[in-house]
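Thank you all for coming; I would like to take a few minutes to walk through a structure that is new to most of us. Please have a look at it first, and then I will go through it part by part.

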Amino acid sequence: MANELLFFMEVLVGGLLAGTMYSLVALGFVLIFKASATFNFSQGAMVFFSVLAFCGFMQDFNIPFVLAFILAAFLMVVVGLCTERLVLRPLMNASEDTVLMATIGLGYVLEGLAQAAWGVEVRRLDLGIGDFPVPWIADNLKLFISALDITAGLVAAIMIIGLFLLFKYTKIGLGLRAVADDAGAASSIGIPLKHIMLLVWSAAGVVALVAGCMWGARAGVQFALVDLALKALPVLIIGGFSSIPGAIIGGLIIGAVEKILEVYIGPFFGGAIEGWAPYVLAIFFLLYRPEGLFGEKIIRRV
Amino acid sequence: MSDNSVNILDIKNIEVMYDNVILALHDVSLKVPKGKVVALLGANGAGKSTTLKAVSTMLASERGKVTKGSIDYDGNSIEKQNPSQMVGLGMVQVLEGRRCFGHLTVEENIISGAYSRKLSKGDIDQELEKIYTYFLRLKERRKSQAAFTSGGEQQMIAVARAMMAKPKMLLLDEPTMGLAPQLVAEIFNIVKELNQKEGVSILLAEQNTNIALKNSDYGYIIETGKVMLEGTAQSLLNNDKVKELYLGISKKGRKNFRDVLKEESLNKKIN
């Protein structure tokens, strides 16, 4: 009995921590959705682009780890700058659908650029953190939990706190929240939309880099990272497209549920239900709580 | 150069098109003297909002464009400006329908108005206190989420937010829309006070002809994108046609202004 409980705990904790990796990807979507009410289809490509550049800096130019990371982060700010300048500004007064289509195109451009610059082969990314159980926890708590998962959890926690402080207590954060509520009114009182766009696209780029590092360390830096972004879709549906805590908790729920279902219900379906179980969950949310758990409800006075 | 011009705003014969096909303004000219309140009156769809948006340069975001004529603000053409530059120059529009940031608190809403100014935390607090002297009601509700405040309070938030940008000129688009009569009076008192104590020039679009004229120095009446009548507020209040058409003081049924003019010209021909 005790063993079974321990096993359940292990599945649960492992799932939750793996879920934070989804959360990291989802965070990037939320940032852009808040500012422009657009689902950024290029987020997956941004993950791939950023982490491939990071690997490239380290492996092809022998730049040290920290410097390479800073360079890659800087590169993502430049990508944000170019996106604002070349894509968003000309589409400033276009409909949201047009912007949505533009993000799909942007995704292809980023994928192409990344592979043209750094090649198409799968690269190994060694963060110095192994994807194996931490011996101390395994010995003392009898739980087998990967060090990489724990790191991802910590990183996600730090990022959410950082973003929360940025939005709540800085001037540009106030500007972003104002734009998220009513972009027209925000521009009527002199909040420059282009600064806000630049901020969120850069922030989303850096978040993509962090997510890419985590996933790259686990699965290798490869083109499949682009499709990983699709895993963020159920996370966003559950957590709510406009909520940062929602992205985190949505990720945790997806991570935990998919592991638990896989282990306990999977055998009845012949296994491998991890891949689609989150989407089934997402469908239930779409039916019964379409704004997600933490999505901003449309507030109406009665 | 700009200081000796008497008019802070000078609109000359503008024509505005939306989407390159829909002609919203045919020919609108109007002037706002420095430190005065000017009312822009007319029914729904007459072109009041379009005129204000042409001035604040917010037309572009609705695919509208000034295709003829000129707009000078403070002695300079606004042609090449964008909304945030206009705010920097001291021209702020309070949009129709209040448009508060619903998820922000009342105080955050007001502070957001100072975004374009480089103020320290202390300066902002000082400015806030000053603003609250005009909007006492908002001070009590400073921590509430704006979406949960009443319509009148939301209108006050919108005006207070605009005042935080320290405007020389305010464009108010139907500030009393959907408000109870006491609140209408309260809003107009505040507007009047801001005009007198802060010296803000005001261009006010309203459907509420009577109270708007009573609180203005000068008025323009527009219909289907054309200025039909203008004059001092007092002369418009006493004008028989205005009385009949906009103040509802008439024995005959409703008419529009053009019909009255047609009748007049017919009468002239007959005579």
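Let me begin with the domains of chain B, where the assignment gives domain 1, made of residues 7-104 + 162-234, and domain 2, made of residues 239-271. I should say at once that this is a predicted model, and everything that follows should be heard in that light. Taken over C-alpha atoms, the centres of domain 1 and domain 2 of chain B are separated by 26 Å, and the contact between them takes seven residues from domain 1 and six residues from domain 2. Which elements give two or more residues to the side of domain 1 of chain B that touches domain 2? They are α8 (209-214), β9 (218-223) and β10 (226-232) of chain B, and the residues of that side divide into four nonpolar, two polar and one charged.

Staying with chain B, but now looking at the chain as a whole, its secondary structure comes to 11 helices and 10 strands. Its radius of gyration is 19 Å, which is close to the 18 Å that the globule rule gives for 271 residues, so chain B is as compact as a globular protein of that length. Along the principal axes, the C-alpha atoms of chain B fill a box of roughly 70 × 40 × 35 Å, and buried residues make up 45% of the 271 residues in the chain. If we take the contacts in chain B between residues at least 6 apart in sequence, 70% of them join residues at least 24 apart.

Next, the place where the two chains meet. Here 19 residues of chain A are in contact with 28 residues of chain B. On the side of chain A that touches chain B, α7 (171-181) and α8 (183-188) of chain A each supply at least two residues, and it is α7(A) that gives the most, with six residues. By type, the residues of this side of chain A divide into seven nonpolar, six polar and six charged.

That brings me to the interior. The largest nonpolar core has 171 residues, and those that touch the most other members are A:L24, A:A26, A:V51, A:V200, A:V207, B:A160 and B:L204. Helix α9 of chain A, residues 193-219, gives the most to this core, with 19 residues. Why does the core lie between the two domains of chain B? Because domain 1 and domain 2 of chain B both give residues to this core. To take one of its members, A:V51 is in contact, leaving aside its neighbours within four places in sequence, with A:L125, A:L209, A:G212, A:C213, A:G216, A:V221 and A:L225.

Now to a single helix of chain A, α2, which covers residues 43-61. At 1.5 Å a residue, its 19 residues should span 27 Å, and its end C-alpha atoms are 26 Å apart, which agrees. Is α2(A) largely enclosed or largely open? Of its 19 residues, 16 are buried, so α2(A) is largely enclosed by the rest of the structure. The helix is followed by A:N62, whose phi is positive, near 55°.

I will finish with A:I104, which has its place in helix α4 of chain A, residues 96-118. With 13 other C-beta atoms within 10 Å, A:I104 is partly exposed. The C-alpha atoms of A:I104 and A:F41 are separated by 5.2 Å, although these two residues are 63 residues apart along the chain.

Key:
Residues are numbered from 1 along each chain as its sequence is written. Chains are lettered from A and ligands numbered from 1 in the order in which they are written. This is a predicted model: local features need pLDDT of at least 70, side-chain atom pairs count only at pLDDT 80 or more; totals for chains, interfaces and linings use all residues. A nonpolar core is a set of buried Ala, Val, Leu, Ile, Met, Phe, Trp, Tyr and Cys residues joined through C-beta atoms within 7 Å. A residue is buried if 20 or more other C-beta atoms lie within 10 Å of its own, exposed if 12 or fewer, and partly exposed in between; C-beta atoms are placed from the backbone. Helices (H or I, at least four residues) and strands (E, at least two) are DSSP runs, numbered from the N terminus. Domain bounds come from an automatic or database domain assignment. Two residues are in contact if their C-beta atoms, placed from the backbone, lie within 7 Å. Ala, Val, Leu, Ile, Met, Phe, Trp, Tyr, Cys and Pro count as nonpolar, Asp, Glu, Lys and Arg as charged, and the others, Gly among them, as polar. The radius of gyration is taken over C-alpha atoms; the globule rule is 2.2 Å times the number of residues to the power 0.38. The expected span of a helix is 1.5 Å times one less than its number of residues.
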